Amino acid sequence: MLSTISLASAFSAPRAPVPRMQDAPSSPSVPDFKTIGNYGFDPLGLGTDDTFVPFREAEIKHGRLAMLAAVAWPLQEIFHPIFVDLLRGSGIDARDALAATDGFSPSLLNGGLTQLEVAPTLSLALFMASVLELKDVKAREAMGLKFNEYDNAKLPGDLRFDPLKIARNLSREEKVEFLEKELLNGRLAMIAVTCYVAEEFLFGMPVVRFTPDLFQPLIFASDFRAFMDSAFTSASMDGAIDGVAY
C-alpha cells in the first residue's frame, strides 16, 4: 500500500519552494541521466530542467520500494500461514496477523496496518527511510546546497551503496543499460503493486488466490508435471524393445 501512495507521489509536483538544481562540473564517469528512461512521454509537461532531478529522485526511490513490495506482498500471503502453523506445531502460541485481514497482506484499505503486530515493522521502515533522507540532505548541505536544491551533475538515486561491486567496474554504456533496467523495473513494480491493491479491493480475494498460476512453483503446476512425465516416459522407452527395457 505504501508503494501505491509512492506511485502517485512520484509524479506529483514538489512542494514550495520549488527545488532548484545547481550546475557543477560534469564528470565523464557520470552517464547522461536525462536520457535514461526518457521516452518523451510527459503529457502534463512536469519534467522541466528545474524539476527533473527531484522528480527522478522520487521516481527511483519509489520504484525501489515498489520492487521490494511487489515481491514481499505475495510472499507474505503464501508463507506467513505456513510459518504460523510451524510455530504453533512447535508449541509456540503465534498470532496470525493475516487472520484479521482474511489472508490479505496488511494495507490501508483492509485495515491491516492498524494491527499492533505491524507497528514494529512500520517503525523500522520509517526509521530507515528517515536515516537515508537525512544522509542525503546532509550530503547536499556539505556541498553548499539547501534542502530543496539538487546537484545538476549528480546521478539521481545514487546512494553509493554497492557492497557487491556490481556497478563499480561497468563501462559507461553498461552503466547506462544497468540504470535503464532499474528504472523500467521500478516503473513496472509500481504498476504491479497498484494492481495488487486494486484487485484485492475490488474482488475481495488475496492476489495469490485470484491469480494462483502466477505464484505457484512451476514444479507443482499440473501441465508442467504432465509434460515432464510424458518426456521422461518417452526417454525411458529409448532403451526398450517392444516395451521391455534392456
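**Notebook: helices and loops of a predicted chain**

I began by reading the order of elements from the N terminus, and I wrote it down as α-β-α-α-β-α-α-α-β-β. Counting them up, I have six helices and four strands in the chain. I note here, before going further, that this is a predicted model. I also looked up burial for the chain as a whole, and found that 29% of its 246 residues are buried.

**Entry on α2**

I turned to helix α2, which runs over residues 52-89 and has 38 residues. From its first C-alpha to its last I found a reach of 54 Å, close to the 56 Å expected at 1.5 Å a residue. Where does α2 have its kink? I located the kink at Gln-76, on which it is centred, and its angle is about 40°. After the helix comes Gly-91, and I noted that the phi of this glycine is positive, near 90°.

**Entry on α3**

Helix α3 covers residues 119-142, and because its 24 residues should span 34 Å at 1.5 Å a residue, I compared that value with the 34 Å between its end C-alpha atoms and found that they agree. Just after α3 I looked at Gly-144, which takes a positive phi of about 85°.

**Entry on α4**

I then followed helix α4 through residues 172-203, which makes 32 residues with a reach of 46 Å between the first and last C-alpha, close to the expected 46 Å. Which residues of α4 are buried? My list includes Leu-179, Leu-183, Gly-186, Met-190, Val-193 and Tyr-196, and I was careful to enter the charged names as well, among them Glu-180, Glu-199 and Glu-200. Phe-201 also lies in α4, but I record it as exposed, because its relative accessible area is 56% and the cut-off for exposed is over 50%. I looked for Phe-104 too, which is 97 residues from Phe-201 along the chain, and found their C-alpha atoms separated by 9.9 Å. Following α4 is Gly-204, with a positive phi near 65°.

**Entry on α2 against α4**

How do α2 and α4 pack? I found an angle of about 50° between them, with their axes 7 Å apart. That angle makes α2 oblique to α4, since angles from 35 to 65 degrees are neither roughly parallel nor roughly perpendicular. I noted the crossing of the two helices as left-handed. Sorting the residues of this contact by class, I have 13 nonpolar, four polar and seven charged.

**Entry on the loop between β2 and α4**

Strand β2 takes up residues 149-151, and in the loop between this strand and α4 I found Lys-165. Is the phi of Lys-165 positive or negative? I read it as positive, about 55°, although Lys-165 is not a glycine. I made a note of this because most residues other than glycine have a negative phi.

Lys-154 has its place in the loop between β2 and α4 as well. I count Lys-154 as partly exposed, because its relative accessibility is 25%, and partly exposed falls between the 20% and 50% cut-offs. Finally I checked Lys-154 against Val-53, and found that the two are 101 residues apart in sequence and 8.8 Å apart in space, C-alpha to C-alpha.

Terms used
Residues numbered from 1 in each chain as written. Predicted model: local features only at pLDDT ≥ 70, side-chain atom pairs only at ≥ 80, totals over all residues. Heavy atoms only, no water. Expected span 1.5 Å × (residues − 1). Buried < 20%, exposed > 50% of the residue type's maximum accessible area, 1.4 Å probe, protein only. Bend = angle between axes of the 7 residues up to and from the residue. Axes fitted to C-alpha atoms, helices over the stretch in contact; angles between N-to-C directions. Parallel < 35°, antiparallel > 145°, perpendicular 65-115°, else oblique. Left-handed = near helix turned anticlockwise from the far one by under 90°.
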